[in-house]
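Biologist: I have just opened this entry and would like to understand the words people use for its parts. Could you walk me through them?

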Amino acid sequence: MDVMVGFEDNPLMAALHHLMDLTAGGNAACGATCAYVRDCGATASTPADVKELPSKLVFEIDMPGVKPGDVRVQVEDDRSLVVSGERRRCEDGEGEYVSVERRVGKFMREFQLPEDADLDAITALCQDGVLTVTVEKPPPAEPKKPKTIDVKMG
């Protein structure tokens, strides 16, 4: 099974995280570029675990603070499972942030599903900040037994 893994060891993603840290203070001069970097950071920092069992695949994706209505789970034509949405900061209008470490913005994770995945049997449950997407697989085929042919006397 071919699935996308985390970006922790990717130098490009490390550079994006660094840029994001530099712009986290809300530097208005960088505008759309900062927003793009923040969105990439939120995408890169959406950790997921994938577990394969004989009868199903289970995707567990951390979604702290994300409401189920802000998450979209889709299967695209090329058998890609796409989980996307947006993390938002709850603004209560009181006080000013002096440090911003939690990632906000759009996120997307994509996983390639195997040929035997049942695209009509997919469920998604968001509980305690974890989105669990379960993709059922048909049971393995029974091995064919040799057919015995009766020999008749003639």
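Modeller: Gladly! A salt bridge is a side-chain nitrogen of Lys or Arg within 4 Å of a carboxyl oxygen of Asp or Glu. Arg-88 and Glu-86 have their closest N and O atoms 3.7 Å apart, and the cut-off is 4 Å, so the pair is called a salt bridge. Please keep in mind that this is a predicted model.

Biologist: What makes Arg-88 and Asp-70 a salt bridge?

Modeller: Their side chains meet at 3.8 Å, N to O, and that value is within 4 Å, so the name applies. The pair links distant parts of the chain, 18 residues apart: Arg-88 is in the loop between strand S4 (80-87) and S5, and Asp-70 is in the loop between S2 and strand S3 (71-76).

Biologist: Which residues do the shared partners join into one network?

Modeller: Asp-70, Glu-86 and Arg-88 are joined into one network by salt bridges that share partners.

Biologist: Why is Arg-88 called exposed?

Modeller: Arg-88 has a relative accessible area of 54%, and exposed means over 50%, so the word fits. Asp-70, at 26%, falls between the 20% and 50% limits and is therefore partly exposed. Glu-86 counts as partly exposed because its relative accessibility is 29%.

Biologist: How many salt bridges are there?

Modeller: The count comes to 3 salt bridges. One of them joins the side chains of Lys-137 and Glu-52 at 2.8 Å, N to O. This pair too links distant parts of the chain: Lys-137 is in the segment after strand S7 (130-136) and Glu-52 is in strand S1, 85 residues apart.

Biologist: Is Lys-137 buried or exposed, and how do you know?

Modeller: Lys-137 has 11% relative accessibility, and buried means under 20%, so Lys-137 counts as buried. Its partner Glu-52 is partly exposed because its relative accessible area is 45%. As for the general background, side chains of opposite charge can pair when their charged atoms come close.

Biologist: Let us turn to the rings. Why is the pair of Phe-59 and Phe-111 called tilted?

Modeller: A search of the whole structure finds 1 aromatic pair. Phe-59 and Phe-111 form this pair, 4.8 Å centre to centre with 50 degrees between the planes. The centres lie within 6.5 Å, and the angle is neither under 30 nor over 60 degrees, so the pair is tilted. Phe-59 is in strand S2 (residues 56-62) and Phe-111 in strand S5 (residues 105-112), 52 residues apart. Both Phe-59 and Phe-111 are buried.

Biologist: What makes you say that a charge sits over the ring of Phe-107?

Modeller: The charged end of Arg-87 is 5.2 Å from the centre of that ring. The distance cut-off is 6 Å, so this value passes, and the charged end of Arg-87 is listed as sitting over the ring. Arg-87 and Phe-107 are also among the residues that Thr-46 touches.

Biologist: Where is Thr-46, then?

Modeller: Thr-46 is in the loop between helix H2 (31-44) and strand S1 (48-52). It is called buried because its relative accessible area is 0%.

Biologist: How do you know that Ser-80 is buried?

Modeller: Ser-80 has 0% relative accessibility, so it counts as buried. Ser-80 lies in strand S4, and its side chain makes a polar contact with the side chain of Gln-112 at 3.2 Å. Ser-80 and Phe-111 are 31 residues apart in sequence and 5.6 Å apart in space, C-alpha to C-alpha.

Biologist: Which residues touch the most other members of the largest nonpolar core?

Modeller: Of its 15 residues, they are Phe-59, Met-63, Val-71, Val-83, Leu-113, Leu-131 and Val-135. The elements giving two or more residues to this core are S2, S4, S5 and S7. Val-135 touches residues including Leu-57, Phe-59, Leu-113 and Ile-122. In soluble globular proteins, nonpolar side chains tend to be buried together.

Biologist: And what is the overall layout?

Modeller: The protein has 2 helices and 7 strands, running α-α-β-β-β-β-β-β-β from the N terminus on. Of its 154 residues, 25% count as buried.

How values were computed
Residues numbered from 1 in each chain as written. Predicted model: local features only at pLDDT ≥ 70, side-chain atom pairs only at ≥ 80, totals over all residues. Heavy atoms only, no water. Helix = DSSP H or I, 4+ residues; strand = E, 2+ residues; numbered from the N terminus. Buried < 20%, exposed > 50% of the residue type's maximum accessible area, 1.4 Å probe, protein only. Contact = heavy atoms within 4.5 Å. Phe/Tyr/Trp six-rings, centres within 6.5 Å; stacked < 30°, edge-to-face > 60°. Lys NZ or Arg CZ within 6 Å of the ring centre and 35° of its normal. Polar contact = N/O pair within 3.5 Å; in protein donor to acceptor, adjacent residues only side chain to side chain. Core = buried A, V, L, I, M, F, W, Y, C linked by side-chain atoms within 4.5 Å. Lists of a residue's contacts leave out its neighbours within four places in sequence.
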